[in-house]
Amino acid sequence: VKANYTNGSVASNVNVSAWNKEGVLQFSVMTDANGYIPRQELIEYKRNNTGGITIVYLSNYTINAPSSKGEVLTQSWNISQNRFLIFTFDGTPPIVTIYEPQNKTYNTSSFPILFNVTLNEDGQACNYTLDNGKNNYTMQNNANRNFNASNSSMKDGSYTARYYCWDLASNLNNSATLQFSVDRTPPTVTINKPSSQPQQPPILFNITTNENAQYCNYTLNEG
């Protein structure tokens, strides 16, 4: 028996166990540093001579191998000849695709800010953090592939959203990040022209803002 991972690494210290069809444990052996266990012998059948000869077959055998992360692989075989079994555990983290938030600035009308990711395989959980893990926020699991959350209490500033997502084999992807910013504070406007004194046409209208502005309009007599 050999145990390994999908990423090519060996699976050492895996307890490989075998039971016959009567539920009797036949062996329980740990894999070595190379992911192997020694050759094991299993009994194909037993013969009962009481009241005549009766042959009882003990196959199929059930062989279990649990990984250190809790993934359990099972194979069932009719052991009538030599077999070399390979158990390959999932050792590859899920691929995380970020849909929300986007790389932009969010204003008041954008709240609450949505957080949404999808995985390329079934996952058990996803969290997100805005401070590199000091505070983590749980995301809702939708059919094990889509995870979402919302946040309505964020202050103005620049943020990096980092996602922590685990697949069903407990492989973690914590490398998916996205930068965005929040600006919910209106700009401060300074009126330069016209002044409050009587004006002669043409009348100029000029203002400055304390931050970059997209556009400005003006109206007379409350529009």
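**Exercise 1.** How much area does the chain expose, and what share of it do carbon and sulfur atoms supply?

*Solution.* Keep in mind that this is a predicted model, where local features need pLDDT of at least 70, side-chain atom pairs count only at pLDDT 80 or more, and totals for chains, interfaces and linings use all residues. Residues are numbered from 1 along each chain as its sequence is written, and side-chain values use heavy atoms, with hydrogens and water left out. Now the area (Shrake-Rupley method, 1.4 Å probe): the chain exposes about 14500 Å², and carbon and sulfur atoms supply 47% of that.

**Exercise 2.** Work out whether the chain is a compact globule or more spread out.

*Solution.* Start with the strands (DSSP runs of E, at least two residues, numbered from the N terminus): the chain has 19 of them and zero helices. Next, the radius of gyration (over C-alpha atoms) is 33 Å, while the globule rule (2.2 Å times the number of residues to the power 0.38) gives 17 Å for 223 residues, so the chain is more spread out than a compact globule. Finally, the C-alpha atoms fill a box of roughly 125 × 35 × 25 Å along the principal axes.

**Exercise 3.** Find the residues of the largest nonpolar core that touch the most other members.

*Solution.* Such a core joins buried (under 20% relative accessible area, 1.4 Å probe, protein chains only) Ala, Val, Leu, Ile, Met, Phe, Trp, Tyr and Cys residues through side-chain atoms within 4.5 Å. This one has 22 residues, and the answer is Phe115, Met139, Met154 and Phe180. Apart from it sits another core, of 19 residues, including Val1 and Phe89.

Conventions:
Helix = DSSP H or I, 4+ residues; strand = E, 2+ residues; numbered from the N terminus. Buried < 20%, exposed > 50% of the residue type's maximum accessible area, 1.4 Å probe, protein only.
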